[in-house]
Amino acid sequence: MADQEKIGRPWNNDELDAIIADYFDMLETELARLPYVKSHHSAALMERIGRTHRSVEFKHQNISAVLEELGLPWIPGYKPKRNYQSAIFDAIDRFLSARGSVPYQQVPVAILTVEEGEDAPVFIDPPNLLPEKNRPWQLERLIKKFDPVERDFRNRSLGKAGEAFVLEVERKKLEKADRLDLASNIRWVAAEEGDGAGYDILSFDPSGKERLIEVKTTNGAAKTPFFLTRNEHQTAKVRADSWRLYRVHLFSQTPRIFAVAPPLETVVRLRTEAWRASFD
């Protein structure tokens with residue numbers, strides 16, 4: 001039963017730590033593709049901390065919103081809401097700092113099958129380029145500490161798994177178009193030659209035109225930012241007719257792709273993040 005004195009009052013650290021730990025317990029089960037009942041978790045939590053069902057559900061949605069900003073998976077049943085209590089940022093920081101491996105678990109490639117159809121399209125429209133938003137400073141600090149761009153960039157197993165997934169998508173797309181000849185000629189260039197080509201996969205459209213596909217993969221949402229190298233950017237300019245960026249997202253749950261064509265500056269916001277330093 002809810003504690004009436006808590007209604008309308010901010011959550012304390014013990015309550016926040018409890019709901020975040022329980023949320024990640026559900027999330028870990030979600031990523032492992034095991035069954036669980038959200039309402040059972042909520043009922044147990046309400047009994048433990050004395051908060052109302054509405055308050056618990058709203059806080060779950062707050063947690064989803066922060067995880068989305070961090071480029072991490074979140075529970076689809078709790079749609080992100082951004083009316084944050086500032087203390088939630090420190091609470092999530094405490095959890096990730098102590099048990100940061102939980103949300104980074106990579107689902108094996110073998111179970112990431114291509115699910116194409118009217119009810120589960122692999123390809124979706126890209127997100128719109130929106131004006132820059134002002135985030136709470138505590139959230140900005142959290143994003144810098146658990147940088148989703150750097151994390152995805154350094155996660156080589158995630159990158160390779162995303163490329164393998166796109167390879168399967170492209171083959172099935174050409175097979176469906178009755179172009180088995182083209183499907184058999186798709187090449188995983190990044191695996192064969194390394195990352196110097198400026199793209200990862202050489203594929204084709206059904207007419208036989210080359211598609212140079214650069215794959216960027218995240219377990220986060222569609223709007224999770226990513227690194228683009230100078231070589232990839234240059235290749236996109238020189239081979240604009242053929243080059244495409246495939247942004248694979250929600251990879252550990254329901255993988256989806258949106259494709260971006262040059263000129264990139266019209267669809268994404270590009271910022272300089274690093275410089276090559278030399279003495280000659």
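What percentage of the 280 residues of the protein count as buried? Keep that question in mind as you load the structure, which is a predicted model, and colour its residues by how well they are covered: 44% of them count as buried.

Begin with the whole chain in view. Turning the C-alpha trace along its principal axes, you will find that it spans about 70 × 50 × 30 Å, and a cartoon display shows secondary structure that comes to ten helices and five strands. If you then switch to a surface display, the accessible surface comes to about 15,600 Å², and 51% of that area belongs to carbon and sulfur atoms.

Next, select the charged side chains, of which 41 are positive and 43 are negative, and note that the mean positions of these two groups lie 4 Å apart. Contacts are also worth displaying: among those between residues at least 6 apart in sequence, 67% join residues at least 24 apart.

Now move to residues 243–249, which form strand β4, and add strand β5, with which β4 pairs in the antiparallel sense over five bridges. To look at one of the pairings, select Leu-245 and then Val-260, its bridge partner in β5.

Follow the chain from β4 into the hairpin, where six residues lie between the strands, and stop at Leu-250, whose phi is positive, near 50 degrees.

Finish on β5 itself by selecting residues 256–260, a strand that is mostly covered, since four of its five residues are buried. As you look along a strand, remember that in a regular one the side chains alternate between the two faces of the sheet.

Methods. Residues numbered from 1 in each chain as written. Predicted model: local features only at pLDDT ≥ 70, side-chain atom pairs only at ≥ 80, totals over all residues. Heavy atoms only, no water. Buried < 20%, exposed > 50% of the residue type's maximum accessible area, 1.4 Å probe, protein only. Helix = DSSP H or I, 4+ residues; strand = E, 2+ residues; numbered from the N terminus. Pairing = 2+ DSSP bridges. Contact = heavy atoms within 4.5 Å. Areas by Shrake-Rupley, 256 points an atom, 1.4 Å probe, with all protein chains shown as cover. Lys, Arg positive; Asp, Glu negative; His and termini not counted. Charge placed at Lys NZ, Arg CZ, Asp CG, Glu CD.
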